[in-house]
Structures are given as C-alpha cells and as structure tokens.
Amino acid sequence: MPTMTIAKAINEGLRATLSKNPKSLLMGEDIGKLGGVYRVTDGLIKEFGEDRVVDTPLAESGIIGTAIGLALRGYKPVCEIQFDGFVFPGFNQITTQLAKMHARSHGQLNVPVVIRIPYGGGIGSVEHHSESPEALFAHTAGLRIVSPSNAHDAYWMIQQSVESKDPVIFFEPKRRYWLKGEVDTQEPGLAADLHKAHVLRQGTDATIVAYGPLVPVALAAANAAEEDGHSLEVIDLRSISPIDFDTVTESVKKTGRLIIAHEAPTFGGIGGEIAARISERAFLHLEAPVLRVGGFHMPYPVAKVEEDYLPDIDRILEALDRSLAY
Amino acid sequence: MGSTQLPAPGLEGMQADRQIVGDEPSTEMVQLLGPDGKLGADPVFSDYAKRLEPEQLRGFYADMAKIRRFDQEATALQRQGELALWVPLTGQEAAQIGSGRATQPQDYIFPTYREHGVALTRNVDLAELLRQFRGITNGGWDPNENNFHLYTLVLAAQTLHAVGYAMGIQRDQKAAQDQGGSKDAGKAAVVAYFGDGASSEGDVHESMVFASSYKAPVVFFCQNNHYAISVPSSVQTRVPLANRAKGYGFPGIRVDGNDVIAVHAVTEWALEHAREGNGPVLIEAYTYRVGAHTTADDPTKYRLKEEETSWRDKDPLERLETYLRAEGLADDDFFAKVKADGDELASYIRRTTLELKAPEIRASFENVYAEAHPLVAEELAWFEEYSAGFEGDEEEEAN
C-alpha cells in the first residue's frame, strides 16, 4: 500500500478521475504548468492537456460561473480556488446559481461542479489565506461540503465528489497537505461513503468531534487525556453537509459528553449546529452541556498570534476539564 | 498541445466594427429599416438582409405582434391579481425576435428574464413563462427541450454560464473531429442576453475576459433599453456599450434594436462568426423599454412623457408594417389574421394561467439535491408527521 501526502493523494485522485471520466476537467488559477500554488495539480496538464487542465483568468466568479455552464453542457468541472479567502468573489455564483439550479429546474438540470478550496490557518500566512468559511456554505441548501483529514480519505473523497450529481465543496486542510498516510488505491474500504463520519478512536468518557485540519489535534488531545486517565472517543466528521448525526449521536449516548472542535469561529458555526441536534437527539444521555472549541469572533488574526487563535491540544483538554467537572 | 489560444493580433471580423472609429465614442449604428419603413443599405449587412424571404419578413411581423399581444395579456393578468409580477417587453420586440430568429436549433440561449420574444422564437410554450410570475415555480420549462435556459434573476450571472457552455461546445467539437467527424460536426454557438443595467455587473466583465481568452463561440446580446429600472444607461456607461468589446479584443456592433431586419442580419453574422471558431461578438441592440420595468414600477417618476413618445415613433412593428405594405408583401388580410392569432394566443394564455394549480410544499423537498440527502429526508418526514396532526381539522372547519 503506497504512502503519500494528502496533497499527493488529491493529485492521484484527480489523475484517476481524469483518466476514468472523459467529461471531467480541472479549472483554476495557476493549476497548469505551475501545478497550483500547493502543487496539488502538479503534472496533470502534461498528462491530460490544457483543455482538461485549464489555467483560467484570475477571476473566481468567472471560474465558478463558467464551470456551471460547462456542467450544463454535460461536463464535470473541478474548480480550484487558490485560497479560502478568495472564494468570495465566486460566492454569488455558488449560492444563488450553483446551489439552486437543480431545484429551480425541477430536477431537469444537474450541475455537478466540484470546488476545491485549501482552507484553514496554521501556516503563518498573510491576510485572507487562513480562513475557514465552511459554515457560510453549509447554510446553503443544494451544496454538499466535505473535508478529508488523511491521505486515504483525500484520494477517495475527491473522486466521489466528482462522481456526485450534486455540487460539492471540497475543503482541503492546507496545513496538513504534507501529512503522510497509507492510501489503498484499490479499495476505498471505510471511505466508501462520502458522507459517513468515522470513529477514529474508541473511548468512554467524552466524544470529540473534529474535521479537516483539527483531526490530528483531536487525536493528540485524546492521547494526552489518556495519560490523565480519561478515555476519549474521536470522530472525524469528514462531511460537513450533510452531517452524519447518527454516528455522533451513537457516540454521545455512550460517552455522555461532547466537544466539537473546528478552526472556524464558534458563533454561527458547525459546532453550534451539532450541539443543537445532539441536544435534541440525546438530551437525557448528556452529562454536561455540549462544548465548542473554535476560533474567536474576530477577523482571522495576524500570523504572529495565530497560535493563540487556533484550537490546540490544551484548548480541547480545557474544554474536557470543564465538561468532566460539570 | 499548443499554448492558450489568444485572439489574433488583426482581430478578424473587425471590419464589421467600423461603426466604432478611432478612440472617440461613436453613436453610429447599423440600421437597415428606418422608422419611416424604408430599407437602407449597409456594406456588410445588406447581404444578410437580402437572404430574407418574404415569408420570413411576414414571420418577423407576426412574431412581434404576437409577443406584444402576449405582453398586454400578461400585464392585464397581473393587474387582475392573477400574476404576482410581470416584466413587460413592449418596445423590444425587434431586438428579441430579430436575434432569436437568427439562432439555429443547435445553438443555446441564456436569457435574463425579459426575453419572452426570444422564448417564442425557440418554441417555448409561452404559457410556461407565466408560471414563475404566478409563484408556482422558479423555472417553468425544460431548458434542454429547446436549448433555451431558464430565466436568471441575478443579473449577469448567466453570461458566465453562457461562456462555460460555449467552452463545452468547443470541447465537444474537438472530440467529434477527433473521432473522425467532419469539420462542421457539432458547430454551435451560445447567445447570452443581458441589458444595459447588467452590463455594469462584474460577471459581464469576467464572461467577456473568459470568452475572449478561450475564443468561445458566444454572442453577447445586450439590449440597451435605456433604463435599469429608473437609472438611465448614462449612469452605466459613458460610451456606447458596443465599444467595450474592443477592450476585450473582439468585435462589437451597435445595431438599431427597433429594426428587426438589421438585428437579424447582425445576429446572423455574429453567430456565424462564433460558430466558425472566430470567437465572441458583442451586439448592443439600441432600443427602449416603452413600458415600465415591471408592473411594480412607475416610469412617470423618472422620465418624461415626451421621451416615451419619441420612442413610440420608432416603433418596431409600425415600420415593418409600412415596409411590408409598401412592397406589397402583406395585405389587410394578413394583418387581420395576425391580430386574430394574437387574440387567440391571449385567450390561451389567460385560460392556462387561471388553470394553473399551486404546487404543494412537498414538491419543494424533491429536488434540493439530485441524490438522497438525510437532512432533507428528515425534515420532510417531520413535515409529514406534523401535517398529519391536522388531518380532520379541515373537515371539521367545513362542517
């Protein structure tokens, strides 16, 4: 079984998609010869040509809007938005057009566009390069939103996203691009269902839900907690819309405590949605209020202080202490 | 694979752009049939006009009369409370019928929301246009049946869809040729309709950049009807909109939008240009929205009656009628038949609209996603259970 980075796994997933599906194509800024600013599309233009790996003008609304048109013509465009903070010029096309096309045509039109967005902080970058805007999209019906946390998932989830008949926003945890892992390129195994959450670690005292870049942090926090005698269950959500509430509910019924961690600000975020649903589904099983560990209600801070902004092991353990002490 | 295709330095087709001379904004425009109903000449486009058979010319008139009558009926239906809103097109018949009739079945059209005349030329059942305005659908027809996309209400968003669709046509053509098809296999073009107001939207700019870079087979058809609701086109642009094409590196043509013959000629030329792989064209059809923006608008607040009157003198139907009669191409019987057909259409529109049944909210759960979605399923299940709690209440009330 080959070992590769998340970036390479997405690259291989895209290569497999382009080989398999002649209607699939990649579009984005600098994705051709350069291979994208993170080299996720490295080498693909050489292999598939510039009609299928398209260097676009520098215009995000243009990328998404023309991708919609290509999809209406029967193509499967995979768009790369260079950085999270640059998706907003395309926000109108995504929310008013892409998300609604299938519904407003009574199912006569499909627009299976995939939008890849490197997201999240922790790379010491400049303004607009470290954001986590997933909740803004999750609030929009018609979109599917996923985020892999490891190479194997990345390899399969990107292919499944392209195969989906619905538009998918594929959030790539950019600070984990170089995280290596084994990838079974023959069988997806547990990754067979794009929208299924995975229990990565069994535990009995509390459940930690995370996705994308914070999954390794949650696992590390669970290891640290174990040294203190606390058994944490860790769930990798994988899919942000829809959310696999069944897996989370089942876990919380067992542990009685839930902590949700994401880099995005907690207010109006995915964690709040999970907290509300779980309080409906497992209220009598809860030993403590559901807690969130996330970003503050502020513009993403400057690089020199981002470590104090981003949820880390200690922030998760602090929430765990509060939950256990309740 | 070569490098990204760029427009040739000579900008082929620019001979049709001679209405734009030098750096000075020009108001010169292509006109063949003047307001007096007399046919003039144009070095490029007269050849296209000469191809028109009398039957086609009569057809133009019949279409324009039909869509105007349709517009009146829809307006009446709105005034009577049967439609929530109506978006009248009166005054723009020539721009829409002339351009729509220049398209071929394999072409694909992306309208804004006032293109009822274009819909007619694409054989869309006009009754279906009213469904959206009665509040029973956000679509109304199957776009793939006549290659006529749904109306788009977020201005200019569809111009990008049009360019993307045209990029798809390019790839399909290449694939067809790679598989041994003829040079003409799969030739088609896309028309993106928008207005002077929408021309200020960033998506129009981006769509023109993309279309130009990839030489996409798309015709940008801008109906400059002089107003974006109340704001005059002078606030959107200080130069004729057609001039903007030059900045993107493709031909731009300003045409008298009330001259159906010229509009048809110019659009045919542009579509041929696009289908032949020469890239996009911008057409600015210079016209006037004689009525209100919508039935919720009040033009008396922002323009003078005299201005409206001066445009009524340039009426697209009257000038064609004058021409057809003068040339002996149509007689009283023809015009009487056109009127009768219009009344029949109006009665059909009225009948079908009044028969339209409101859908159930349940239908709104159906196509949020193309594939099964647990949240939608859960909410629908809840709604069914909730609704079941009211069963019997209606009977009780009725009793």
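## Helix α9 of chain A

In α9(A), the buried residues are A:F245, A:V248, A:S251, A:V252 and A:T255. Viewed down the axis of α9(A), these buried residues fall within an arc of 130 degrees, so they line one face of the helix. An α-helix has 3.6 residues a turn, so residues three or four places apart point the same way. The model described here is a predicted one.

The cover over the buried residues of α9(A) includes four strands of chain A, β9 (198-201), β10 (206-210), β11 (232-236) and β13 (258-265), together with helix α10 (270-281). Just after α9(A) comes A:G256, with a positive phi of about 80 degrees. On the other side, the loop between β12 (239-241) and α9 (245-255) of chain A holds A:P242. The peptide bond that joins A:S241 to A:P242 is cis, and its omega is near 0 degrees.

## The nonpolar core

The largest nonpolar core has 195 residues, and those with the most contacts inside it are A:I208, B:V218 and B:I283. The element that gives the most to this core is α11(B), with 10 residues.

Setting aside neighbours within four places in sequence, A:I208 is in contact with A:A218, A:A221, A:A222, A:L232, A:V234, A:I259, A:A261 and A:I316.

## Where chain A meets chain B

The contact between the chains takes 37 residues from chain A and 37 residues from chain B. On the side of chain A that touches chain B, α3 (60-72), α4 (91-98) and α5 (101-104) each supply at least two residues. The largest share of that side, nine residues, comes from α3(A). By residue type, the side of chain A that touches chain B divides into 11 nonpolar, 19 polar and seven charged residues.

## Overall form of chain B

Chain B comes to 17 helices and seven strands. Its C-alpha trace spans about 75 × 60 × 40 Å along the principal axes. The radius of gyration of chain B is 23 Å, which agrees with the value near 21 Å that a compact globule of 399 residues would have. Of the 399 residues in chain B, 46% are buried. Among contacts in chain B with a separation of 6 or more, 77% are between residues 24 or more positions apart.

The domain assignment of chain B gives domain 1 (46-355) and domain 2 (361-398). The C-alpha centres of domain 1 and domain 2 of chain B lie 40 Å apart. Helix α16 (residues 374-388) of chain B contains B:A388. With 9 C-beta neighbours inside 10 Å, B:A388 counts as exposed. From B:A388 to B:Y214 the C-alpha to C-alpha separation is 56 Å in space, and the two are 174 residues apart in sequence.

## Helix α13 of chain B

Helix α13 (residues 316-326) of chain B has as its buried residues B:P316, B:L317, B:R319, B:L320, B:Y323 and B:L324. Seen down the axis of α13(B), they fall within an arc of 165 degrees, so they line one face of the helix.

The buried residues of α13(B) pack against three helices of chain B: α2 (54-79), α3 (93-100) and α11 (260-275). The last of these, α11(B), is also the one that gives the most to the largest nonpolar core. After α13(B) comes B:G328, whose phi is positive, near 70 degrees.

## Positive phi outside glycine

Two loop residues other than glycine are described here. A:H106 has a positive phi, near 55 degrees, and is a residue other than glycine. A:H106 lies in the loop between α5 and β5 (114-119) of chain A. It counts as partly exposed because it has 18 C-beta neighbours inside 10 Å.

In chain B, the phi of B:N147 is near 50 degrees, again a positive value in a residue other than glycine. The loop between α6 (143-146) and α7 (157-178) of chain B holds B:N147. With 20 C-beta neighbours inside 10 Å, B:N147 counts as buried, since a residue is buried if 20 or more other C-beta atoms lie within that distance.

Note on methods
Residues numbered from 1 in each chain as written. Chains lettered and ligands numbered in written order. Predicted model: local features only at pLDDT ≥ 70, side-chain atom pairs only at ≥ 80, totals over all residues. Domains from an automatic or database assignment. Buried ≥ 20, exposed ≤ 12 C-beta atoms within 10 Å, placed from the backbone. Arc of directions from axis to C-beta. Contact = placed C-beta atoms within 7 Å. Nonpolar A, V, L, I, M, F, W, Y, C, P; charged D, E, K, R; others polar. Rg over C-alpha atoms; globule rule 2.2 N^0.38 Å. Core = buried A, V, L, I, M, F, W, Y, C linked by C-beta atoms within 7 Å.
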